[in-house]
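The following exercises concern a ligand and its surroundings in a protein model. Work through each task with the structure in view before reading the solution.

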Amino acid sequence: MGDDVSLAGRTVLVTGASSGIGEATARLVATEGAHVLLVARREDELDRVRTTIEVAGGRATAYPCDLTNYAAIDALVERLLAEHGAVDYLVNNAGRSIRRSVALSYDRFHDVERSMAINFFGPVRLTLGLLPAMRVQRFGHVVNIVTWGVQMKAPKFSAYIASKTALDSWSRVAAREAYADNVTFTNMRFSLVQTAMTAPTEAYRGHGATPEQAARKVLKALQKRPIHVNTFAGNVGELMNLLAPRLTEWLFHRFDRRFPDSRAARGDDAPAATRPPGGAGSGARPRSG
Ligand SMILES: NC(=O)c1ccc[n+]([C@@H]2O[C@H](COP(=O)([O-])OP(=O)(O)OC[C@H]3O[C@@H](n4cnc5c(N)ncnc54)[C@H](OP(=O)(O)O)[C@@H]3O)[C@@H](O)[C@H]2O)c1
């Protein structure tokens, strides 16, 4: 582990391959000679990505699947194992982000449920389905696209960060158990990437990496198989949480008050009384990584 491994002739399954980081990753990985297995719900978008890859001389197959549907995941696993034997690489990228303060979430337990459904339960079920064959063939690598929020614990992302942290932690434990079978895991704690997920957020425009830049990092992680890929800011946040937890709590609280919930998160016509303390004004920040 650590040396570059060629992806040529390998199967690389990318979830959320119909747009954003997943699409860019699928296209890039195909140029390395891998057979890319594209998973997402939108069949037409998957076909578009598959055609683009094939026109460029690459190899791809589309597998439409709703990764919040357990029966659909199980059927997908069965089909993948029948058609390819073990999948060599799995990129758990499909996900959704919700930015909403806890004060606006007292009656929105479904935000927690839907975050966990796609960011944790779906990828874990898919990984559990593919892991045994990886271990038998004594090769496999799983890349999880998580977020720097795992280290930062940024306010207003409670459900999102908790669900990504769950996947991050689950994978670390699984990696320790699968170590001897040469099956490895990378948690990629990305900061902002300009995708459909962040596009509605005006304040984020012009900031962050492009999907292609993010994809280059994913490719490197597939080749080098590091345990995690962090940002400098994420590392600083993690260190602050460790070394000065009370001060960091206060700093993040100040930050939280400065950037209130978006109009979308409040509901456009929500009365001011439902706004969290200090949450005056409206930043348009419905979603982000
Ligand atoms: N953009 C950022 O700033 C940022 C930062 C850190 C981490 N991330 C993470 O990066 C990943 C990719 O996000 P992105 O920014 O590239 O956004 P995106 O363009 O909106 O991509 C999300 C992908 O997830 C798929 N997806 C969503 N729900 C699904 C479901 N139930 N079943 C199957 N596929 C589903 C979508 O495809 P369909 O709609 O076709 O199903 C789409 O391909 C996410 O996990 C996100 O949390 C993003």
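**Exercise 1.** Determine which pocket the space taken by the ligand is.

*Solution.* The model under study is a predicted one. In this model, the ligand occupies the space of the largest pocket. Next, consider the elements around the ligand: helix H1 (20–31), strand S5 (140–147) and helix H6 (158–178) are those that give two or more residues to its shell.

**Exercise 2.** State the volume of the largest pocket and describe its lining.

*Solution.* Begin with the volume, which is about 820 Å³. Then turn to the lining, which consists of 35 residues. Those closest to the centre of the pocket are Asn 93, Ala 94, Gly 95, Arg 96 and Met 197. The elements that give two or more residues to this lining are H1, helix H4 (109–137), S5 and H6. Finally, sort the lining residues by class: 14 are nonpolar, 14 are polar and 7 are charged.

**Exercise 3.** Identify the residues that come nearest to the ligand, and classify the shell around the ligand.

*Solution.* A residue counts as near if one of its heavy atoms lies within 4 Å of the ligand. There are 30 residues around the ligand, and Arg 41, Asn 93, Tyr 160, Lys 164 and Thr 195 come nearest. The shell divides into 15 nonpolar, 11 polar and 4 charged residues.

**Exercise 4.** Find the distances from ligand atoms to N or O atoms of Arg 41, Leu 67 and Val 193.

*Solution.* For Arg 41, a side-chain N or O atom is 2.7 Å from an oxygen atom of the ligand. For Leu 67, a backbone N or O atom lies 2.9 Å from a ligand nitrogen atom. For Val 193, a backbone N or O atom is 2.7 Å from a ligand oxygen atom. As a last step, consider the surface: the ligand taken alone exposes 880 Å², and the protein buries 95% of that.

Note on methods
Residues are numbered from 1 along each chain as its sequence is written. This is a predicted model: local features need pLDDT of at least 70, side-chain atom pairs count only at pLDDT 80 or more; totals for chains, interfaces and linings use all residues. Side-chain values use heavy atoms; hydrogens and water are left out. A polar contact is a pair of N or O atoms within 3.5 Å; within protein, one must be able to donate a hydrogen and the other to accept it, and residues adjacent in sequence count only if both atoms are side-chain atoms. Accessible areas come from the Shrake-Rupley method with a 1.4 Å probe; for residues, only the protein chains shown count as cover. On a 1 Å grid over the protein atoms alone, a cavity is a set of points where a 1.4 Å probe fits but cannot get out, and a pocket is an open set with protein on both sides within 12 Å along at least five of seven lines; lining residues have an atom within 4 Å of a point. A molecule sits in a cavity or pocket if more than half of its atoms lie within 2 Å of its grid points. Helices (H or I, at least four residues) and strands (E, at least two) are DSSP runs, numbered from the N terminus. Ala, Val, Leu, Ile, Met, Phe, Trp, Tyr, Cys and Pro count as nonpolar, Asp, Glu, Lys and Arg as charged, and the others, Gly among them, as polar. Grid points are joined across faces, edges and corners, and a volume is the space filled by probe spheres set on the points.
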